[in-house]
Amino acid sequence: MTQSPATPTALQPILPTSSQIPLPEAWQPVVEAQLVKEEKVLAWLEIDLNTSLHFGKGLIVLTDRRLLARTGDTPEWQSQPLREGLRLTRRDHAGVGSLELFDATGRLAHWRYTLGQDVAAGRLIDHVNRQLDFVVTGVAPTPPAQAVCPKCETPLLAGQDECPVCSKEELTPPSTWTLFRLWRFARPYRWQLLAGFLLSLATTAATLVPPYMTMPLMDKVLIPYQNGKPIDTGLVTLYLSGLLGAALLAWVLGWARTYILALVSERIGRDLRTTTYEHLLKLSQEYFGGKRTGDLMARIGSETDRINIFISLHFLDFATDVLMISMTTLILVSINPWLALVTLLPLPVIAFLIHTVRERLRTGFEKVDRIWAEVTNVLADTIPGIRVVKAFAQESREAARFRAANQHNLEVNDKVNKVWSLFGPTVTLLTEVGLLIIWGFGIWQISRNDISVGVLTAFLAYIGRFYTRLDSMSRIVSVTQKAAAGAKRIFDILDHVSSVPEPATPVHLPAVAGRIELRNVGFRYGTRSVTRDISLTIEPGEMVGLVGHSGSGKSTMVNLICRFYDVSEGAILIDGVDIRSVPVAEYRKNIGLVLQEPFLFFGTIAENIAYGKPDATREEIVAAARAAHAHEFILRLPHGYDSLVGERGQALSGGERQRISIARALLIDPKILILDEATSSVDTTTEKEIQKALDNLVRGRTTIAIAHRLSTLREANRLVVLDRGSVVEVGNHDELMAQEGHYYRLYQAQARNVDTEGGSDLEAGGEDDKGDRE
């Protein structure tokens, strides 16, 4: 091996000597015992797997002269001097990362780690490469470019894997201003909203008439009567008629206002739910992989209901309160400015309380919503999986899990209620104190003949309305923050951009022949590489089987062809056109998908068969069922094609559900067919029935099949063998057996029913790694 012209004693670290990287405390004495005089540590990486893929602590250390490494298998240290031709590479697969050290003679060493260490492993390689450049050239390398967040380009500090800005945005408390974003849904009903506002204005004005009528009743009727004058019956009748008329007018206007705004709020809620659900359906599989069903259901259901209630009731109350307070203030000032000034004294204190409490409530209610989603998540997990819960006798465990989530919800609500329970009585106390001050100041002014008793009476009537509305408006703070939290969670969905976008300039395919071409396709799921550099061409009408160990990338390849995800590198073409340039729905209409676990919707058998073609005739449905060998068992059901299948098809057996799924695929007559382990979860007899149906299904179609049993793929035109995300072999069964490579070993292992180096997951279509599927 070629050594660097520089001698080890002449080497200097990339970093200044005073900046030597500190080692983990547990490793420090062990590593220092390996270092020679003046040797400096430049970087290190803790690894957590040994070569047998068992958990075990290890360490890789880069010094200014060499690489030192120790794994959990042995206490001995490996040492490789830095020299020309040395290179350190990194790759990952199925949740395991690998570092491999090479020189001109081949691989010298390799180390394994979980993907939590992947970012740090990349940094170690950067340090090694820079130091190797220095060893070879003798020129000090430039410092590495500072890492930035790929989303917002915020600079990341050393050792910082998560962007502080993006993570902060996700946890940002909801702002009341979020409610103004609802205007896009309210805009179509702006004239109804204007009518509601005008009716609120008129209603408020009508309710302000009775207190004003108390002044002449007091000063012109009651007080003169006490002084010996007779009561003017006509005048009393006039005033009382005015009070009755104002009350009736306020009732009619209030009814019209409430009815109009209730209609508007329901329509806004309908549009909000529909828009959110439609946007949710357009998001990619990647989005749903990181979300809980219960959380999404809570957002579309309870959050929109909360916004409905806010718009129809509380927003109306808030608008009425503001109008009432404003108009009452004007009337009070017109009657007596000094008494009005005393009336407004508690306002600054109440405004300060509202501001303080609002800041605490907006974070509290957003947290309440997230915790409530935990409760619904438990229900969404348990109810569909109740059969598994009962089979494993885990009722007590699930009850405990629900109890814990419910208790957490209680604790969070208690914290919010502690703040809110103090706020309400405090506002009430301030209004009562304000009323006492008005009584005292009013009596003092009467004693000086500055105002009459009627004026004070009217003031007190208005003040009752004023403080009642003030108290009501302060209580709306709670409801407003709840609505703002709900709006934020809904707009979190609406603001999410699908990772499988519609093309800006779509290309339409008038007729699909079914030719599929993968050009240097690579896919990464987060930081994990799942597939890399896959190139493959599938001709129209050809049947191709995908073979490989569990986690080799088979289901990921199918997901990419279906465009559930978009490729990270390369391109997938259908009839020579990049599938990313074809509208998503238009492209997928050409694909029929039969899964290992067929999903049936609650409804009749006919509705499930016609799911991909809702306008199908009964004759077409029956023809598809016959071709899928499902017609006979359907006729044996009590209501035939109109029999209910139950939730997720629980009323049918696994084989029956699978044949319904095949009939569903047959009915849309796809040019491309995907069979993802279609016979892996049934017995041999049922498999034969399904295989007959599949023979009808694949005829004349481009077919990509993943099968549980390798023997079922012998009729495929070609078999594509995948290993660690790459294509390693392509050919028919006989050709691959003759090569005695990966496929040969898989086939022999399955034939002997023994484990090989891949463990027990040796089937062609065994369940792929979770990340591979998701």
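**A chat about strands, a helix and two cores**

S16 and S17 form a hairpin with two residues between them, and Arg724 in the turn has a positive phi of about 55°.

Me: Hi! I'm new to this one. What kind of model is it?
Reply: Welcome! It is a predicted model.

Me: OK, back to that hairpin. How do S16 and S17 run, and how many bridges join them?
Reply: They run antiparallel, with five bridges joining S16 to strand S17, residues 726–731. As an example of who faces whom, Leu719 stands opposite Gly731 in S17.

Me: Which strand pairs with S16 in the parallel sense?
Reply: That is strand S10, residues 543–548, which pairs with S16 over five bridges. There, Val547 stands opposite Val721 in S16.

Me: Is S16 mostly covered, or mostly open?
Reply: Mostly covered. S16 spans residues 718–723, and five of its six residues are buried.

Me: Let's jump to the other hairpin, then. How many residues sit between S1 and S2?
Reply: Five residues lie between them, and Leu53 in the turn has a positive phi of about 65°. S1 and strand S2, residues 55–63, pair in the antiparallel sense over seven bridges.

Me: Which residue is the bridge partner of Ala43 in S2?
Reply: Leu62 is.

Me: And how many of the nine residues of S1 are buried?
Reply: Seven of them, so to speak of S1 (residues 41–49) as mostly covered is fair.

Me: New topic: helices. What should H5 span, at 1.5 Å a residue?
Reply: Helix H5 covers residues 190–207, and its 18 residues should span 26 Å, because the expected span is 1.5 Å times one less than the number of residues. Its end C-alpha atoms are 25 Å apart, which agrees.

Me: Which residues of H5 are buried?
Reply: Gly196, Leu199, Ser200, Thr203, Thr204 and Ala206. These residues cover an arc of only 155° around the axis, so they are on the same side of H5.

Me: Last thing: the largest nonpolar core. Which residues touch the most other members?
Reply: Of its 42 residues, those are Val547, Ile609, Ile621, Ile634, Tyr641, Ile660 and Tyr743. You met Val547 earlier, standing opposite Val721 in S16.

Me: Where does the largest share of this core come from?
Reply: From helix H20, residues 654–667, which gives six residues.

Me: What lies apart from it?
Reply: Another core, of 32 residues, including Val512, Val582, Val720 and Leu722.

Me: Why would nonpolar side chains be buried together?
Reply: I can only give you the general pattern: in soluble globular proteins, nonpolar side chains tend to be buried together.

Note on methods: Residues numbered from 1 in each chain as written. Predicted model: local features only at pLDDT ≥ 70, side-chain atom pairs only at ≥ 80, totals over all residues. Heavy atoms only, no water. Buried < 20%, exposed > 50% of the residue type's maximum accessible area, 1.4 Å probe, protein only. Helix = DSSP H or I, 4+ residues; strand = E, 2+ residues; numbered from the N terminus. Pairing = 2+ DSSP bridges. Arc of directions from axis to C-beta. Core = buried A, V, L, I, M, F, W, Y, C linked by side-chain atoms within 4.5 Å.
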